[in-house]
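Welcome, and please load the model in your viewer. We will start with one residue and then zoom out to the whole chain.

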Amino acid sequence: MCRAHGLPGSFGARAWTNPRRTPLYYPDAVTLTADADAEDLLDAVDRSAPGASVKDSYARLDLAAAGFSMLFEAQWIHRPAGLPVGGEAAGFRPVTTPAALAAWALAWSGGDDEDAAVFLPALLADPTTTIVAGHAADGRILGGAVLTGTAGVTGVSNLFTVGDVPASYAWSGALAAAAPGLPVVGYESGDDLDAALAEGFEPIGALRVWLDA
């Protein structure tokens, strides 16, 4: 996402950081190792105005003393390779055009134009990113997800459904579209975590997201 916005950031030994403010809902810093500390993060991000955020991947940091508040806590989830995909994934297909991406983003955001604008057409040219959408017979988008291919796993994020469509529909479509033979990972919380566990995922550790208010 940051690359699509021209903000690739920098990878250090213990953290990824971005000196410029990242797109909406995406962190300005991410811990990469369990021994990362506040100094690895806070001096490398833009705190000239409120709103900087940190993804504490191991739920080890306490950034309250630095003026941050914990936005939420979630669980990393892992689905082993080889599990069968259940449920109905009819109508799912990749998003391949800017117009289709704009429609997907509006469905994901619940019609919020500002939120939808985060998803730029440049994402469609990223070979590691596949955006999928599930469609009704009349073409309406019923759900979707973003799949990210990394070394040996497929990450799932931004999974959603519209209206009363069950989460299992989006999970079935996303899992069917994921690279075969690879485990699938992501993170969820609350009811969304319960829905993921019902699809064969297991919780493997906590993470926290902190916000500089």
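Helices (H or I, at least four residues) and strands (E, at least two) are DSSP runs, numbered from the N terminus. This is a predicted model, where local features need pLDDT of at least 70, side-chain atom pairs count only at pLDDT 80 or more, and totals for chains, interfaces and linings use all residues. Residues are numbered from 1 along each chain as its sequence is written, and side-chain values use heavy atoms, leaving out hydrogens and water.

Select Arg 20 to begin: you will find Arg 20 in the loop that joins β2 (15–17) and β3 (29–31). Is Arg 20 buried or exposed? Arg 20 counts as exposed because its relative accessibility is 53%; the cut-off for exposed is over 50%, for buried under 20%, with partly exposed in between (1.4 Å probe, protein chains only).

Next, add Gly 6, Leu 7 and Asp 28, which Arg 20 touches when residues up to four places away in sequence are not counted. A contact here means heavy atoms within 4.5 Å.

Now add Val 95 and draw a C-alpha to C-alpha distance from Arg 20: these two are 29 Å apart in space and 75 residues apart in sequence.

Time to show the whole chain as a cartoon, where five helices and eleven strands appear. Its C-alpha trace spans about 50 × 35 × 30 Å along the principal axes. Color by burial, and 39% of the 213 residues count as buried. Among contacts with a separation of 6 or more, 63% come from residues 24 or more positions apart.
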